[in-house]
Amino acid sequence: MNTMTTPAADFRTARYRLGELHEFEAADQPYVYLVGAGAIFALDDGARAVLDELREGEMAHGEIVSALVTHGYAHGDAEELIRELLFVRGIVSDRIAPALDPQPTAPPADFPLQALVLNITNQCNLACTYCYEFGADKIATPQGKPKFMTLETAKSSIDFLLSQSGSRETVHVTFFGGETLMNFKLLREVVLYANDAAAAQNRAITYSLTTNATLLSDPIIEFLADNDVGVTVSIDGPADLQDHRRIYRSGKGSYEVIEPRLKMLIARHRTRAITARVTLSEGVTDVLRIYRHLKDELGFHEVGFAPVTNSGEQDYAINGDGMSKVLADFHALADEWLDYALENRMHGFSNVSETIAELMQGVNKSHPCGAGLGLLGVSPSGDLSPCHRFTDADTHTLGNIESGIDADKREDFLSRGHVSAKYECQSCWARPLCAGGCHHEAFVRYGDTGHANLHYCDWIREWTDTCLRVYGAVAAQNPGFLERFATRKANA
């Protein structure tokens with residue numbers, strides 16, 4: 001196949017050097033992760049020989065061909081291998097323009113919406129000490145604004161989603177808070193309205209919510225199960241860890257209240273997977289113990305972990321030793337995930353599963369997530385924001401449900417958040433999967449949504465390498481298992 005954009009004669013005079021790649025090995029098979037293509041390339045002896053030669057410096061076309069012939073390649077096969085490596089940018093040349101663009105392109109201005117996060121209340125019945133919405137590092141300015149979304153605003157939000165989602169056959173709504181279930185009456189009415197509105201257009205809407213589980217009841221669980229509403233529970237582990245920071249305003253811990261409700265939810269809600277989302281903070285870093293409790297004792301289908309968002313000045317920030325503990329436990333669970341995969345069994349550690357899904361889909365991100373792109377947050381007042389983490393923050397408003405998206409503000413947000421605008425990311429091999437990290441985390445830590453999350457760079461690179469090795473081992477030993485992740489979507 002002809003994959004290059006220059007005449008064949010240019011190959012004979014071209015000089016080559018290594019492209020931007022990350023090498024790793026899994027199950028005794030060498031691989032490279034190709035940054036420009038966001039792809040994984042298994043190395044045979046010939047490809048490995050080319051890369052080994054180029055590590056010593058640039059080589060002319062004829063020199064590489066001769067080296068490959070020495071390694072047993074026919075001349076024509078050597079030429080084809082060079083073309084293939086050029087196409088995937090395993091090697092590059094100043095004389096030959098690649099067919100693949102090494103940088104992710106900017107999304108079109110009219111990029112259709114895929115999801116809305118409806119913050120149906122900004123009120124919460126807990127007072128978690130690290131809360132990004134109400135804690136020391138909050139950016140929300142809720143004073144004088146509605147505390148609960150009205151049905152009129154919610155219906156307008158559904159109409160807005162359907163009108164702004166182009167030709168998508170299915171769109172998604174996530175219900176959020178505050179504590180989401182403090183406005184369950186509205187949630188129920190919105191689902192019924194949205195189902196009818198979507199059906200009238202021969203389309204569908206899927207649903208999820210995030211909750212602290214304190215208000216779960218039999219009728220609520222029955223409604224969630226009957227309407228296939230996915231549930232993510234914010235929970236930090238067994239009682240001593242949950243009650244360390246996830247507390248009521250009185251200082252009382254919340255575990256005793258939520259445990260029986262969680263068991264009821266998991267036992268009765270069978271239409272969608274029930275996921276736990278753990279916020280790791282200082283003193284809450286025992287990932288293995290948390291995982292065992294949530295997955296094996298309570299029965300969550302999946303458990304995901306994230307370090308607490310903070311400005312670096314709060315006492316709940318995880319110190320270096322704590323992060324080392326977290327990463328060691330992540331590695332242990334990744335090993336378990338691999339063992340399960342080789343036995344054709346699903347493991348519940350979603351930090352691996354979601355990265356594997358991105359690798360399967362060849363993700364090469366222009367932005368860290370869908371915030372401001374296919375996803376927007378809606379505040380109780382109807383203001384639009386890049387995502388739920390910016391709800392009720394005046395300086396981050398991107399419009400309103402009634403007046404629409406402010407195109408200039410959205411463009412400014414997306415331009416600053418594009419990975420190509422982040423200088424420090426340009427030399428990082430992990431950028432196709434990271435794109436600089438969470439916009440909200442960047443603003444809290446650096447005061448700029450477009451700033452790279454530099455405090456997590458080493459962590460991200462090490463963890464991405466771990467997931468690449470897991471992927472490579474499964475690809476070599478049980479490749480069919482990976483197909484389960486070809487269409488998986490990360491939780492909204």
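This report describes the cores, a pocket, one helix and several individual residues of a predicted model.

Residues are numbered from 1 along each chain as its sequence is written, and side-chain values use heavy atoms, with hydrogens and water left out. Because the model is predicted, local features need pLDDT of at least 70 and side-chain atom pairs count only at pLDDT 80 or more, while totals for chains, interfaces and linings use all residues.

**Nonpolar cores**

The largest nonpolar core (a set of buried Ala, Val, Leu, Ile, Met, Phe, Trp, Tyr and Cys residues joined through side-chain atoms within 4.5 Å) has 96 residues. Here, buried means under 20% relative accessible area, exposed over 50%, and partly exposed in between, with a 1.4 Å probe and protein chains only. Phe175, Phe300, Phe305 and Trp337 have the most contacts inside this core. Its largest share, nine residues, comes from helix H11 (residues 320–342). Helices (H or I, at least four residues) and strands (E, at least two) are DSSP runs, numbered from the N terminus. Another core, of 22 residues, lies apart from the largest one and includes Leu51, Leu68, Ile82 and Val88.

Contact means heavy atoms within 4.5 Å. Leaving aside neighbours within four places in sequence, tryptophan 337 is in contact with residues including His347, Phe349, Ile356 and Phe485. Isoleucine 356 is found in helix H12 (residues 350–360). With the same neighbours left aside, the contacts of isoleucine 356 are Trp337, Cys467, Val470, Tyr471, Leu482 and Phe485.

**Buried residues**

The table lists three buried residues with their places and relative accessible areas.

| Residue | Place | Relative accessible area |
|---|---|---|
| Isoleucine 356 | helix H12 (residues 350–360) | 0% |
| Phenylalanine 413 | helix H13 (residues 407–417) | 4% |
| Histidine 388 | loop between strand S14 (383–385) and strand S15 (399–400) | 18% |

Not counting residues up to four places away in sequence, phenylalanine 413 touches Ala371, Gly372, Pro386, His439 and Thr449. By the same rule, histidine 388 touches Val117, Asn119, Tyr132, Phe176 and Gly377.

**A helix**

Helix H5 (residues 151–163) has 13 residues and reaches 18 Å from its first C-alpha to its last. This is close to the 18 Å expected at 1.5 Å a residue, where the expected span is 1.5 Å times one less than the number of residues. Among the buried residues of H5 are Thr153, Ile158, Phe160 and Leu161.

**The second largest pocket**

About 270 Å³ of space lies in the second largest pocket. On a 1 Å grid over the protein atoms alone, a pocket is an open set of points where a 1.4 Å probe fits, with protein on both sides within 12 Å along at least five of seven lines; lining residues have an atom within 4 Å of a point. Of the 16 lining residues, Ile318, Met323, His455, Tyr456 and Trp459 are the closest to the centre of the pocket. The elements that give two or more residues to the lining are H11 and helix H16 (457–477).

**Backbone features**

A cis peptide bond, with omega of about 25°, joins glycine 177 and glycine 178. Glycine 178 lies in the loop between strand S8 (170–176) and helix H6 (184–199). Alanine 27 has a positive phi of about 50° although it is not a glycine, and alanine 27 is partly exposed, at 34% relative accessible area. Aspartate 228, also a residue other than glycine, has a positive phi near 55° and is partly exposed, at 39%.

Methods
Grid points are joined across faces, edges and corners, and a volume is the space filled by probe spheres set on the points.
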